[in-house]
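User: Please take a close look at a single part of the structure shown below and set it in the context of its surroundings. A formal, connected account would be appreciated.

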Amino acid sequence: MIRVGLISDTHGLLRPQAVAALQGSDFIVHGGDIGDAGILEALAAIAPLTVVRGNNDREPWAGHIEETAFLRVGGVLVHAVHDLSQLASDPAGAGVRVVVSGHSHKPKIEERGGVLYVNPGSAGPRRFKLPIAVAELIVDGNAVTARILELG
């Protein structure tokens, strides 16, 4: 089994609870709106990191970060994009099994057309009354499960 920690919309705030929840991950995916390069360094110290640039990541340090990224976890292809409306292709047709996004700050797991869509929600500053959360993927062969981990 492989554990992939999912985090998004930190907006410059990496909470200790998020770091604790991501410990033990084999990989981490950040779904964008990072807010500070130091967050990437801290996450990369936990596990290999895949990251995408969010609509608020416009500072020079974020210039090299792509808007989409792919990660192969065992036999499963994961596609990360900050805003689902920017998803350019048919994920299932491209062999993608999981799409990780952010942007809405709303944690959500939904399967559509054989593709698991996971938005871990926002792990940064609270927005409206939305929960502070991260998520995890468990990949076991070709089987994938996801769950939201509310942090408070």
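Analyst:
**Strand 8 and its surroundings**

Strand 6 and strand 8 run parallel to each other and are joined by three bridges. Within this pairing, V99 has Y117 of strand 8 as its bridge partner. The coordinates come from a predicted model, and the values below are computed from it.

Strand 8 covers residues 115-119, and five of its five residues are buried, so the strand is largely enclosed by the rest of the structure. Burial here means a relative accessible area under 20%. Which side chains of strand 8 point one way, and which the other? V115, Y117 and N119 are directed to one side, L116 and V118 to the other, and all of them are buried. The general background is that side chains of a regular strand alternate between the two faces of the sheet.

The pairing with strand 7 has the antiparallel sense and extends over five bridges. Here K108 is placed opposite N119 of strand 8. Strand 7 and strand 8 form a hairpin with two residues between the strands, and in this hairpin G113 adopts a positive phi near 60 degrees. Strand 8 thus has a parallel pairing with strand 6 and an antiparallel pairing with strand 7.

The segment that links these two partners deserves separate attention. S101 sits in the loop that runs from strand 6 (98-100) to strand 7 (108-112). Is S101 buried or exposed? Its relative accessible area is 4%, so S101 counts as buried. Leaving aside residues up to four places away in sequence, S101 is in contact with S8, V81, H82, L84, V118, N119 and P120. Two of these contact residues, V118 and N119, also appear among the buried residues of strand 8. H103 belongs to the same loop between strand 6 and strand 7. With a relative accessibility of 30%, H103 is classed as partly exposed. The phi of H103 is near 75 degrees, which is positive although the residue is not glycine. As a general rule, most residues other than glycine have a negative phi.

H82, one of the contacts of S101, leads to another loop residue. D33 touches H82 as well as D9, T10, H11, G54, N55, N56 and D57, with residues up to four places away in sequence left out. D33 itself is located in the loop between strand 2 and helix 2 (37-44). A relative accessible area of 2% makes D33 buried. H11, listed among the contacts of D33, lies in the loop between strand 1 and helix 1 (16-22). H11 is not a glycine, yet it has a positive phi of about 45 degrees. At 28% relative accessibility, H11 is partly exposed.

Strand 1 (residues 2-7) offers a further view of burial: five of its six residues are buried, so it is largely enclosed by the rest of the structure. Strand 1 pairs in the parallel sense with strand 2 (residues 27-30) over four bridges, and I7 has H30 of strand 2 as its bridge partner. Strand 1 also runs antiparallel to strand 9 (residues 133-140), to which five bridges join it. In that pairing, G5 faces E136 of strand 9.

A loop residue with another degree of exposure is G75, which lies between strand 4 (68-73) and strand 5 (76-81). Its relative accessibility of 48% makes G75 partly exposed. Outside the residues up to four places away in sequence, G75 touches G141 and N142. The C-alpha atoms of G75 and A123 are 28 Å apart, with their positions 48 residues apart along the chain.

These details belong to a protein with two helices and 10 strands. Along the sequence, the elements follow the order β-α-β-α-β-β-β-β-β-β-β-β. For 152 residues, a compact globule would have a radius of gyration near 15 Å, and the 14 Å found for the protein agrees with this. Buried residues account for 47% of the 152 residues. Of the contacts with a separation of 6 or more, 41% join residues 24 or more positions apart. The accessible surface comes to about 6,900 Å², of which carbon and sulfur atoms contribute 53%.

How values were computed
Residues are numbered from 1 along each chain as its sequence is written. This is a predicted model: local features need pLDDT of at least 70, side-chain atom pairs count only at pLDDT 80 or more; totals for chains, interfaces and linings use all residues. Side-chain values use heavy atoms; hydrogens and water are left out. Buried means under 20% relative accessible area, exposed over 50%, partly exposed in between (1.4 Å probe, protein chains only). Contact means heavy atoms within 4.5 Å. The radius of gyration is taken over C-alpha atoms; the globule rule is 2.2 Å times the number of residues to the power 0.38. Accessible areas come from the Shrake-Rupley method with a 1.4 Å probe; for residues, only the protein chains shown count as cover. Two strands pair if DSSP finds at least two bridges between them.
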